[in-house]
Amino acid sequence: MNINKEQIRRSFKKSIGTYDEHAIMQREICCRLLDLIDAYAKCTYDKVFEIGCGTGILSKMLAEDFGIQELILNDIVAE
C-alpha cells in the first residue's frame, strides 16, 4: 500500500478551519479516552508527546483535565 502523504497533508490543511465543528465522533472518542486514562492510569503527567494531534481536540482536553505542564505536539500539518 502506497500512502501519498502530500495528498493527506493537503486534505487536512484544506479542512482545518471547520474540522473541530464537524469532529463529533473524535470529540466523543477523546472523552472516552480521558475517562479510561483517569480510571486506569492513576498518576500525574507533567509532559505528554502526542503524535497526530490534528487541531488539538485531545491536547486541550488533556491539558485541562490533567494539568499537564508541557505538551509536545506532532502532526502531518504544521498549522
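A residue counts as buried when its relative accessible area is under 20%. By this criterion, 18% of the 79 residues of the protein chain are buried. The model is predicted. The exposed area of the protein chain is about 6,200 Å². Carbon and sulfur atoms supply 55% of that area. Along its principal axes, the C-alpha trace spans about 40 × 25 × 25 Å.

The protein chain holds four helices and two strands. Their order along the sequence is α-α-α-β-α-β. Among the contacts with a separation of 6 or more, 55% link residues that lie 24 or more positions apart.

The two strands were examined next. Strand β1 covers residues 47-51, and strand β2 covers residues 70-74. The two strands run parallel and are joined by five bridges. Within this pairing, Phe49 stands opposite Ile72 of β2. The connection from β1 to β2 passes through helix α4, residues 57-66. This β-α-β crossover is right-handed. In a regular strand, side chains alternate between the two faces of the sheet.

Salt bridges were then assigned. The count comes to three. One of them joins Lys47 and Glu70, with the closest N and O atoms 3.9 Å apart. The cut-off is 4 Å, so this pair at 3.9 Å qualifies as a salt bridge. Lys47 lies in β1 and Glu70 in β2, so the pair ties together parts that are 23 residues apart in sequence. The two partners fall into separate accessibility classes by their values. Lys47 has a relative accessible area of 53% and is exposed, because the exposed class begins over 50%. Glu70, at 39%, is partly exposed.

Helix α1, residues 5-15, contains the pair Glu6 and Arg9. Their salt bridge brings the closest N and O atoms to 2.6 Å. Glu6 and Arg9 are three residues apart in the helix, so about one helical turn separates them. Glu6 is partly exposed, at 38% relative accessible area. Arg9 is partly exposed as well, at 30%. Both values lie between the 20% and 50% limits, so neither residue is classed as buried or exposed.

Glu6 also forms a salt bridge with Arg10. Here the closest N and O atoms are 4.0 Å apart. Arg10 and Glu6 both belong to α1. They are four residues apart, about one turn of the helix. Through shared partners, the salt bridges join Glu6, Arg9 and Arg10 into one network. Glu6 takes part in the bridge to Arg9 and in the bridge to Arg10.

The surface also carries a nonpolar patch. Met1, Ile3, Ile8 and Phe12 make up this patch, whose area is about 480 Å². Met1 is placed in the segment before α1. The relative accessible area of Met1 is 98%, so the residue counts as exposed. Patch members need over 30% relative accessible area, so Met1 at 98% passes this cut-off.

Definitions and conventions:
Residues are numbered from 1 along each chain as its sequence is written. This is a predicted model: local features need pLDDT of at least 70, side-chain atom pairs count only at pLDDT 80 or more; totals for chains, interfaces and linings use all residues. Side-chain values use heavy atoms; hydrogens and water are left out. A salt bridge is a side-chain nitrogen of Lys or Arg within 4 Å of a carboxyl oxygen of Asp or Glu. Buried means under 20% relative accessible area, exposed over 50%, partly exposed in between (1.4 Å probe, protein chains only). Patches are made of residues with over 30% relative accessible area and no salt bridge: like charges are joined within 9 Å, nonpolar side chains (Val, Leu, Ile, Met, Phe, Trp, Tyr) within 5 Å. Accessible areas come from the Shrake-Rupley method with a 1.4 Å probe; for residues, only the protein chains shown count as cover. Two strands pair if DSSP finds at least two bridges between them. A crossover is right-handed if, with the strands pointing away from the viewer, the path from the first strand over the helix to the second runs clockwise. Contact means heavy atoms within 4.5 Å.
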